[in-house]
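Here is a short, friendly tour of one protein chain. Keep the viewer open and follow along as the text moves from a single residue to the whole fold.

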Amino acid sequence: MLIIFSFLIIHWYLSLFSQTFFLHRYGAHKMFTMSKFWERFFHLFTWVTQGSSYLNPRAYAIMHRMHHAYSDTDKDPHSPHFFKEVFSMMWKTKVIYNGFTLRKIKPDSRFDKNYPVWPSLDRIAAFNPTRLFFGLLYILFYIKFVPDGMWWMYAFLPIHFLMGPIHGAIVNWAGHKYGYRNYNDGDKSRNTLIIDFLMMGELFQNNHHHYAARSNFATKWWEVDPVYPVILVLNKVRVIRIRKEG
Ligand SMILES: [Zn+2]
Ligand SMILES: [Zn+2]
């Protein structure tokens, strides 16, 4: 039982780190720079940790830049204020995401540049049999380690299959609906937790919309963004270079 919970927690945080560090703070916002070698390293890391629910950095960056530019208006790809529940919001997000990855929707050119590109990796990672292969690995892991008689544990498997979109759903829904505000910029973004241990800083949506280039999502002395110390260490050891100090 402990092995399954450990796997779930490790998968949750590694996949989330890829999303917040690589896709969001680096890919969409360029809060820091890194060499091509490290970009490829973290791109590969994102694929392995997101596995079956790998998100394409280009589509992520375009959608996310639209989210900032049109926050909580009808042009926002995923504002919770236009949906009754989270599933229809995520379905629309998926349709727009597919539109960008399949190049059926042409984005505004100002959003469509300056993101990590590795076409061969993207092709392999987004290839459906590859996604199924990762899904199969999760299932085999569960078959090996779920103790006899504890069938209910298999109910956690869908979290592994859909890890990336689940993180997106929590952040986009809760981060623009529940919590407090430090800044009033006309949108409905909120800070949901004071110490964001759950979503690694992503739930400081209100702070982040106000200071979109700042690599530390916490802005008050009593707020904690757990990824910021990691960014500082990576900056110190010269893996990345922070563009604007938090
Ligand atoms: Zn937001
Ligand atoms: Zn952002």
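A residue is called buried if 20 or more other C-beta atoms lie within 10 Å of its own, exposed if 12 or fewer do, and partly exposed in between. Please keep in mind that this is a predicted model.

Let us try that definition on isoleucine 139, a residue of helix H6 (residues 128–145). Isoleucine 139 has 14 other C-beta atoms within 10 Å, so it is partly exposed. If you would like a ruler check in your viewer, go from the C-alpha of isoleucine 139 to that of serine 120: the two are 27 Å apart in space and 19 residues apart in sequence.

Now zoom out. The chain has 10 helices and two strands, and reading from the N terminus the order is α-β-α-α-α-α-α-α-α-α-α-β. With a radius of gyration of 18 Å, close to the 18 Å that the globule rule gives for 246 residues, the chain is as compact as a globular protein of that length. Its C-alpha atoms fill a box of roughly 55 × 45 × 40 Å along the principal axes. Of the 246 residues, 35% count as buried. Among contacts with a separation of 6 or more, 66% join residues 24 or more positions apart.

What lies inside? In soluble globular proteins, nonpolar side chains tend to be buried together. Here the largest nonpolar core has 31 residues, and Ala59, Tyr60, Ile62 and Met63 have the most contacts inside it. The helices below are among those that each supply at least two residues of this core.

| Helix | Residues |
|---|---|
| H2 | 36–50 |
| H3 | 57–69 |
| H4 | 86–101 |
| H10 | 227–236 |

H1 and H8 also supply at least two residues each. For a closer look at one core residue, select isoleucine 62: beyond its neighbours within four places in sequence, it is in contact with Phe100, Pro107, Phe111 and Asp112.

Finally, turn to a pair of helices that meet. Two packed helices are described by the angle between their axes and the distance between the axes. The axes of H1 (residues 2–28) and H8 (residues 163–174) come within 10 Å and cross at roughly 70 degrees. Angles of 65 to 115 degrees count as roughly perpendicular, and H1 and H8 are therefore roughly perpendicular to each other. On the H1 side, His11, Ser15, Leu16 and Gln19 meet Met163, Gly164 and His167 of H8. The residues of this contact divide into two nonpolar, five polar and no charged.

Notes: Residues numbered from 1 in each chain as written. Chains lettered and ligands numbered in written order. Predicted model: local features only at pLDDT ≥ 70, side-chain atom pairs only at ≥ 80, totals over all residues. Axes fitted to C-alpha atoms, helices over the stretch in contact; angles between N-to-C directions. Helix = DSSP H or I, 4+ residues; strand = E, 2+ residues; numbered from the N terminus. Parallel < 35°, antiparallel > 145°, perpendicular 65-115°, else oblique. Contact = placed C-beta atoms within 7 Å. Nonpolar A, V, L, I, M, F, W, Y, C, P; charged D, E, K, R; others polar. Rg over C-alpha atoms; globule rule 2.2 N^0.38 Å. Core = buried A, V, L, I, M, F, W, Y, C linked by C-beta atoms within 7 Å.
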